[in-house]
Amino acid sequence: GALPRQHFTSSFDLIARHPRRGDRSRRLDDRYLFLETVLSARETLYISYVGRNIRDNSELPPSVLVADLLDVIDTTVSRDARLAAVVTEHKLQPFNPTYFSLSPRYRSYGKIWLKAAENLGQGSAISQPLFAREIPEPPEESLTIDLEDLFYFYSNPVRYLVRQRLGIVLETADAEFENREPFGIGRWDQETLGTWLLEELAGLAAPNSAHARAEASGILPYGNYGSAQYRRICSTVDSFAHLALPAILETALPPITFEMCASGVMLGGLLRGVSYEGLSRWRLQPLSARDVFHAWLQHLALCCLAPEGVTLRTRMQFLDQSIELREVVDATGELTKLLRYFRQGLHAPLPFFLKSAWRYCEEAVKNPETALRKARETWNAPDFRAADFHGESENPYYQTAYKGCDPLDDEFVSIA
């Protein structure tokens, strides 16, 4: 048992509320029970107590009952002898190597702790990858996907594998609400407000509706500062409008059904936003590898379908530059290759990292000898943090799958 016991007094306990001389003493009862326990022991008496603080590891005194017993022992032997012969201070962890030595006082028979004790102190030398071998075939329903699923896979193949095959989510699920007044406009809020302004310019929304929606949604900071931020975004949208408005005003065809099968994977879905001029995409953001790859998948689907009367091209407008993708001769072969890698990535992590691969390919066109080094600059965590830049390797899924190893190898180069 645990002595002294914890006593909780009920609100209707009149004896506790109005104590009198001669009432039963719980404290004396515990001392008596402890004495009976000591006197009842014949061969072994085992008493344990928490002797260290769990926060700072400082020494904690035993309970009054145990302290009284130790004081009695002190009267027969010296304190040093008592500590050596009676009190045993155990180690913090059960896998401490002392428990598996020849010491008669520290003994453990746990096989799992023995394995941990053998590996103690080796650090990353014993780290094992999350996927030591390939996992079994996925269920049939996992092999039917659409273009958005394929893009979600290639944006982070390890995340797709861990989430879809293992059912593990590493990010925190609960979104935290802002508890302070905003003094700036975030990147995504700027794009949302810019989209509303472009809809105004295109005649798809009522005049001045963007400002009203921004104020109602809490995007704009209060007062003159918020007005200044609004005017700044309006200026950016005005200079970008001549690039984006033609794409917004194009008459889109009805969604086109797309289907193909390769490597046992059925790729289907609807291709939206196609006009006779092809596909047009725009973002009120600088060019990013993610947006280009997303457009590339849709462009391959467009070239596979080759609708009658439609120009097989995809135009992308960004704040800093424009890109046009032209007709791909073997679009089916390119999608087949992507589906083959997708099937491979359902069994083991696929060493494809969108940002690092984009950096590698950009540099490979200029100087192939320095391409991999540039890719590592994007992959590795920066030595000095600049703004909100994070190395691609800092993603929790990549950290889990590639702990202790370098994934930027020959296979990465080949896939990139």
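Trainee: Which residue takes a positive phi in the hairpin of β2 and β3?

Mentor: Ser 263 does, with a phi near 55 degrees; the hairpin has 2 residues between the strands. The model is predicted, with local features needing pLDDT of at least 70 and side-chain atom pairs pLDDT 80 or more, while totals for chains, interfaces and linings use all residues. Residues are numbered from 1 along each chain as its sequence is written, and side-chain values use heavy atoms, leaving out hydrogens and water.

Trainee: What makes β2 and β3 paired strands?

Mentor: Strands are DSSP runs of E with at least two residues, helices runs of H or I with at least four, both numbered from the N terminus. Two strands pair if DSSP finds at least two bridges between them. Strand β2 (residues 256-262) and strand β3 (residues 265-271) are joined by 7 bridges and run antiparallel, so the criterion of at least two is met. Ile 256, for example, has Leu 271 in β3 as its bridge partner. Ile 256 also belongs to the covered face of β2, with Phe 258, Met 260 and Ala 262.

Trainee: What joins β6 to β7?

Mentor: A hairpin does, through 4 residues. Strands β6 (residues 314-317) and β7 are antiparallel and share 4 bridges. Arg 315 is partnered by Glu 324, and Met 316 stands opposite Ile 323.

Trainee: Why is one side of β4 and of β7 left without a neighbour in the sheet?

Mentor: The open sheet has the order β4-β5-β6-β7, with mixed pairing. Because β4 (274-275) and β7 stand at the edges, each has a single partner strand.

Trainee: Which side chains of β7 are buried?

Mentor: Buried means under 20% relative accessible area, exposed over 50%, and partly exposed in between (1.4 Å probe, protein chains only). In β7 (residues 322-325), Ile 323 and Leu 325 point to one face and are buried, whereas Ser 322 and Glu 324 point to the other and are not.

Trainee: What places the buried residues of α3 on the same side?

Mentor: Those residues of helix α3 (residues 64-74) are Leu 65, Val 66 and Leu 70. They cover an arc of only 135 degrees around the axis, which puts them on the same side; the arc is that of the directions from the helix axis to the C-beta atoms. Val 64 and Val 72, on the other side of α3, are exposed.

Trainee: Why is Leu 166 called partly exposed?

Mentor: Leu 166, in helix α7 (residues 157-166), has a relative accessible area of 38%, so the value lies between the limits for buried and exposed.
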